[in-house]
Amino acid sequence: MSVITISRQPYSCGDEVAKQISQSLGWELITREKLLSEFLPDIVFAHDINMLKTSAKYYLNSFGKTTYLDYIRKSLNDYAKTNSAVFAGFGSQMIFSGFEGAIHIRIIAPQDMRIKKVIADFDLSEEEAEKILVTADRKQRRFITTLYEEDITDPIHYNLTINMDSTTVAEAAACVLSLVEGRSSQEEEQQAEEEPAQQGPVLKNPAEVEFAKAARYVQHRLEVRTQGFPDRMGCRRQCNIGIPAGFLSDRLRHIYRAHNHEPALCYPKEQESKKTKEAISGC
């Protein structure tokens, strides 16, 4: 199935972009909150959940025969094998770094734009908003460095980075949707190329092989136009006769001849008759 991961600077409108993409595609949106509430077993205590919300190192603690991080990684990969989803945050770009077909997006925004958003969301002063951003940025970088020893800002982790400066949420989501559509079209074309060519019936008679080529030339249907047969009322009617490949024989001398791009059928001399010659044109 398909996976989109959204890594975003705090207060860069990345959450809104992720929600818009999820709604447009009809895919599940998996956030940190949903991850901790639905992808961990019920035996995990509330204290452990709270620690996982606040401490990166806690993900490395033992959980049965594994760690919380390894358990989450396996659970998410198993889920993605049968479900298409948008994953926002919690280092999902690292979790799905080796997942075939995954698309990784990074959302960024200018500092002043992020400060204005913090002020609008929490009714704080500009100085207080700046402190919140510094803390949030540091915590985000530490989370990725602690668990994956990677730099979250390194563009090598992403297929597309979107700067929200002068970019609306709808426009950012449209960019991602376009990438998803292009990726799907490319995969369909590649799959079509890899599919083996459809095999037709095996023809042993050389004449039948040549006739089959002629049939393909006229789009798999060979028709012989007649000059008309008299009916019971003495009228002559035009008709088309479909000639099956099985009609042919080893003694067939000619398969078709090009005359105004129309195929024509010829009989062996001993099978030809005066009536046949009158009935079938082009022979």
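**Figure 1. The whole protein has 10 helices and 11 strands.** This is a predicted model, so treat every view here as a look at a prediction. Of the 283 residues in the protein, 36% are buried. The accessible surface adds up to about 18000 Å², and carbon and sulfur atoms account for 50% of that. Now take the contacts between residues at least 6 apart in sequence: 60% of them join residues at least 24 apart.

**Figure 2. Phe63 and Tyr68 make a stacked pair of rings.** Searching the whole structure turns up eight aromatic pairs. In this one, the ring centres of Phe63 and Tyr68 are 4.8 Å apart and the planes sit at 25 degrees, so the pair counts as stacked. The cut-off behind that word is under 30 degrees between the planes. Are these two residues buried or exposed? Phe63 is buried, and Tyr68 is buried too. The pair also has company: Phe63 and Tyr68 belong to one aromatic cluster with Tyr58 and Tyr71.

**Figure 3. Phe96 and Phe99 meet edge-to-face.** Here is another aromatic pair, with 5.6 Å from centre to centre and 85 degrees between the planes of Phe96 and Phe99. How much relative accessible area does Phe96 have? The value for Phe96 is 0%, so this residue is buried. Phe99 has 16% relative accessibility and counts as buried; the cut-off for that is under 20%.

**Figure 4. The charged end of Arg32 sits over the ring of Phe143.** This close-up pairs a charge with a ring. The distance to look for is 4.8 Å, from the charged end of Arg32 to the centre of the Phe143 ring.

**Figure 5. A salt bridge links Asp137 and Arg114.** The count for this structure comes to nine salt bridges. In this one, the side chains of Asp137 and Arg114 meet at 2.6 Å, N to O. Which helices do the two partners come from? Asp137 lies in helix α7 (residues 126–148), while Arg114 lies in helix α6 (residues 111–122). The salt bridge therefore ties together parts that are 23 residues apart in sequence. As for their surroundings, Asp137 and Arg114 are both buried.

**Figure 6. Lys131 and Glu127 form a salt bridge within helix α7.** Their closest N and O atoms are 4.0 Å apart. Lys131 and Glu127 are four residues apart in helix α7, so about one helical turn separates them. Lys131 is exposed, with a relative accessible area of 52%. Glu127 counts as exposed as well, at 53% relative accessibility. The cut-off for calling a residue exposed is over 50%.

**Figure 7. Glu16, Lys117 and Asp121 are joined into one network.** What holds these three together is a set of salt bridges that share partners. One of those links is between the side chains of Asp121 and Lys117, which meet at 3.5 Å, N to O. Where do Asp121 and Lys117 sit relative to each other? They are four residues apart in helix α6, so the separation is about one helical turn. Asp121 has 43% relative accessibility and counts as partly exposed.

Key:
Residues numbered from 1 in each chain as written. Predicted model: local features only at pLDDT ≥ 70, side-chain atom pairs only at ≥ 80, totals over all residues. Heavy atoms only, no water. Phe/Tyr/Trp six-rings, centres within 6.5 Å; stacked < 30°, edge-to-face > 60°. Buried < 20%, exposed > 50% of the residue type's maximum accessible area, 1.4 Å probe, protein only. Lys NZ or Arg CZ within 6 Å of the ring centre and 35° of its normal. Helix = DSSP H or I, 4+ residues; strand = E, 2+ residues; numbered from the N terminus. Contact = heavy atoms within 4.5 Å. Areas by Shrake-Rupley, 256 points an atom, 1.4 Å probe, with all protein chains shown as cover.
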